[in-house]
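Trainee: Please take one part of this model, a charged side chain and its salt bridge, and examine it closely. I should then like to see how that part relates to the rest of the chain.

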Amino acid sequence: MCSVLAIPGPAHSSESEALKGEVSRGNLVGLGKAMSSDRIINDVKKAALEAGAFGCTISGAGRIMVAVTDDEDKGKEIGEEMVAAFMGEGELIALAMVKKLDRVGARLVSSI
């Protein structure tokens with residue numbers, strides 16, 4: 001099992017400006033629409049799935065997109081497509097990396 005992490009640089013997109021504007025106006029309906037229409041996230045997710053990812057989502061509060069696959073080479077291809085999607089839609093430079101999932105979880109590796 002592999003995870004593909006795509007991490008873009010700081011966003012200065014029209015979507016983030018729309019979110020800020022709706023919050024400052026207190027417009028909950030507009031805020032909801034802006035939150036639901038993030039083209040960059042949707043395009044990156046679509047690129048990952050079309051490249052063969054089993055799934056893709058945004059991590060936490062954002063900036064990191066995570067996709068999963070079962071093959072490291074396929075993960076590299078997925079990462080390249082995700083990076084291209086960040087650049088194409090939002091003109092965001094991104095970095096992708098493939099990591100094996102740790103199925104054991106948290107544990108003490110060493111102590112002082």
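**A salt bridge in helix α4 and its setting**

Mentor: K74 counts as partly exposed, because its relative accessibility is 29%, and that class runs between the limits of 20% and 50%. The model is a predicted one, and every value below is computed from it. The side chain of K74 meets that of E77 in a salt bridge, with 3.5 Å from N to O. Both residues belong to helix α4, where a spacing of 3 residues separates them by about one helical turn. The partner, E77, is also partly exposed, since its relative accessible area is 41%.

The count of salt bridges comes to 2. The other one joins the side chains of E50 and K46, at 4.0 Å from N to O. The limit for a salt bridge is 4 Å, which is the value given for this pair. E50 and K46 are 4 residues apart in helix α3, so about one helical turn lies between them. E50 is classed as exposed because its relative accessibility reaches 61%.

Returning to the region of α4, one finds further charge on the surface. D70, D71, E72 and D73 gather there in a patch of negative charge. Patch members must have no salt bridge. Within this group, D71 occupies the loop that connects β3 (64-69) with α4 (72-90). D71 is partly exposed, as its relative accessible area is 36%.

The surface also carries a nonpolar patch, formed by F54, V68 and L101, whose accessible area together is about 270 Å². F54 sits in the loop between α3 (39-50) and β2 (55-59). With a relative accessible area of 57%, F54 is exposed.

Helix α4 and the strands can be tied together through a few distances. M97 lies in strand β4, which spans residues 94-100. The C-alpha atoms of M97 and G79 are 6.8 Å apart, while 18 residues separate the two in sequence. M97 is partly exposed, at a relative accessible area of 28%. In strand β3 one finds V66, which is partly exposed at 22%. Because the buried class requires a value under 20%, V66 does not belong to it. From V66 to V98 the C-alpha separation is 9.8 Å, across 32 residues of chain.

The whole chain supplies the frame for these details. Its secondary structure consists of 4 helices and 4 strands, and from the N terminus the order is β-α-α-α-β-β-α-β. The chain has 112 residues, of which 29% count as buried. Among contacts with a separation of 6 or more, 62% come from residues 24 or more positions apart. The accessible surface amounts to about 7400 Å², and carbon and sulfur atoms supply 57% of that area.

In summary, the part examined is the salt bridge between K74 and E77, placed within helix α4. The loop before α4 holds D71, which is a member of the negative patch.

Conventions: Residues numbered from 1 in each chain as written. Predicted model: local features only at pLDDT ≥ 70, side-chain atom pairs only at ≥ 80, totals over all residues. Heavy atoms only, no water. Patch = residues over 30% accessible without salt bridge, like charges linked within 9 Å, V, L, I, M, F, W, Y side chains within 5 Å. Areas by Shrake-Rupley, 256 points an atom, 1.4 Å probe, with all protein chains shown as cover. Lys, Arg positive; Asp, Glu negative; His and termini not counted. Charge placed at Lys NZ, Arg CZ, Asp CG, Glu CD. Helix = DSSP H or I, 4+ residues; strand = E, 2+ residues; numbered from the N terminus. Buried < 20%, exposed > 50% of the residue type's maximum accessible area, 1.4 Å probe, protein only. Contact = heavy atoms within 4.5 Å.
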